[in-house]
Amino acid sequence: MADKVTKIGVLTSGGDSPGMNAAVRAVVRTGLYHNCEMFGILRGYSGMYEDEIIPMDGRSVANIIQRGGTILKTSRCKEFMTAEGRAIAYQNLQKRGINGLVVIGGDGSFKGAQIFSNEYDIPCIGLPGTIDKDIAGTDFTIGFDTAVNTAVEAIDKIRDTADAHDRLFIVEVMGRDAGYIALHSGIATGAENILIPESKTNIDDLVHTLTEKSKRKKLVNLIVVAEGDEYGGAEKVSQVIKEQMPTADVRVCILGHIQRGGAPTCLDRLIASRMGYSAVECLLNGTHNVMVGIVNNHMHYTPLDHAVKEKQTIDPEWLKIVKILAR
Ligand code: F6P
């Protein structure tokens with residue numbers, strides 16, 4: 001049984017996401033409120049392995065709630081995937097007496113936390129920090145709302161130029177293996193079609209619909225493609241459309257890492273603050289090895305191994321909405 005938690009380390013791991021700083025701030029300040037000693041672990045698990053661990057006080061997290069990126073930096077650490085690497089990381093925590101961890105990241109980061117806490121009996125709390133929203137047990141992940149809003153702003157601008165030239169634009173958004181950014185940003189920008197990995201892409205159907213629309217003189221079309229769509233990305237889709245509709249004026253825009261940066265939205269700051277606060281409360285009240293999420297606006301705790309194994313599911317009705325609204 002782990003000791004009462006008195007010294008807490010916090011790290012950000014995997015791809016950064018807007019709102020991670022707000023979460024770090026909430027963790028550090030809640031820990032200090034409870035008289036815990038707080039430590040920032042730099043560059044995710046790499047800092048734990050390479051002994052880059054710094055004490056944090058209330059001032060260390062001043063003026064960061066509004067900033068994108070992560071002041072703790074982040075990385076994907078190969079050494080932590082080995083038992084030897086984790087043993088070294090554990091020694092570095094032990095040197096300082098750190099006996100509780102908050103890991104802010106995606107499911108890869110939670111996998112590491114789960115294995116580590118099984119091996120070393122150190123309680124770990126996960127906070128879902130990823131723009132992809134591909135984690136079960138929470139309605140939102142930290143950074144998703146900002147990323148979607150960035151995508152919406154960009155796609156609105158693309159629509160202006162698409163409209164001026166009567167063009168078909170294929171916009172590719174991030175999301176790794178998940179289609180949430182595509183689905184949300186596509187509906188919010190009135191896309192004609194949204195291609196996501198969670199539903200099979202029927203390219204013949206897509207070409208047929210576009211041909212029908214061009215007969216009706218509807219020439220401005222936006223298609224939002226998730227980077228992980230099983231058919232391929234925007235370039236592949238554009239190539240096929242160009243072959244089958246040689247007169248169509250087609251352009252591709254890949255939004256890329258712009259979706260990862262920028263000031264977090266109010267929603268991301270809010271959920272990050274609530275989740276960060278709850279993470280420390282969990283460590284102190286003995287609710288260990290869970291991911292803190294928010295479901296129906298209430299805090300929700302999912303055992304880390306479930307958060308790792310299960311994905312969110314897409315409601316098929318959302319895709320029906322896209323079809324009905326795109327005329
Ligand atoms: O997981 C966040 C994410 O931005 C994905 O949407 C994307 O596929 C990936 O990270 C990109 O990773 P990297 O920054 O290493 O290129």
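A polar contact is a pair of N or O atoms within 3.5 Å. The legends below use that cut-off for a predicted model.

**View 1. Polar contacts to the ligand from Gly175, His257 and Arg260****.** An oxygen atom of the ligand lies 3.1 Å from a polar backbone atom of glycine 175. The partner in histidine 257 is a side-chain N or O atom, with 2.9 Å to a ligand oxygen. In arginine 260, an N or O atom of the side chain is 2.8 Å from an oxygen of the ligand. Taken alone, the ligand exposes 400 Å², and the protein buries 76% of that area.

**View 2. The shell around the ligand****.** Arg76, Ile131 and Asp132 are among the residues that surround the ligand. Met174, Gly175 and Arg176 also belong to this group. Glu227, His257 and Arg260 complete the set. By class, the shell holds 5 charged, 2 polar and 2 nonpolar residues.

**View 3. The ligand in its pocket****.** Where does the ligand sit? It occupies the largest pocket.

**View 4. The ligand between two domains****.** The domain assignment splits the protein chain into domain 1 (7-143 + 264-309) and domain 2 (145-260). Domain 1 is thus given as two segments, 7-143 and 264-309. Why does the ligand lie between domain 1 and domain 2? Both domains give residues to the shell around the ligand, so the ligand lies between them.

**View 5. Contact between domain 1 and domain 2****.** The centres of the two domains, taken over C-alpha atoms, are 34 Å apart. Their contact takes 14 residues from domain 1. Domain 2 supplies 13 residues to that contact.

How values were computed:
Residues numbered from 1 in each chain as written. Predicted model: local features only at pLDDT ≥ 70, side-chain atom pairs only at ≥ 80, totals over all residues. Heavy atoms only, no water. Near = heavy atom within 4 Å. Polar contact = N/O pair within 3.5 Å; in protein donor to acceptor, adjacent residues only side chain to side chain. Areas by Shrake-Rupley, 256 points an atom, 1.4 Å probe, with all protein chains shown as cover. 1 Å grid on protein atoms, 1.4 Å probe; cavity = no way out; pocket = protein on both sides within 12 Å on 5 of 7 lines; lining within 4 Å. Sits in = over half its atoms within 2 Å of the grid points. Nonpolar A, V, L, I, M, F, W, Y, C, P; charged D, E, K, R; others polar. Domains from an automatic or database assignment. Contact = heavy atoms within 4.5 Å.
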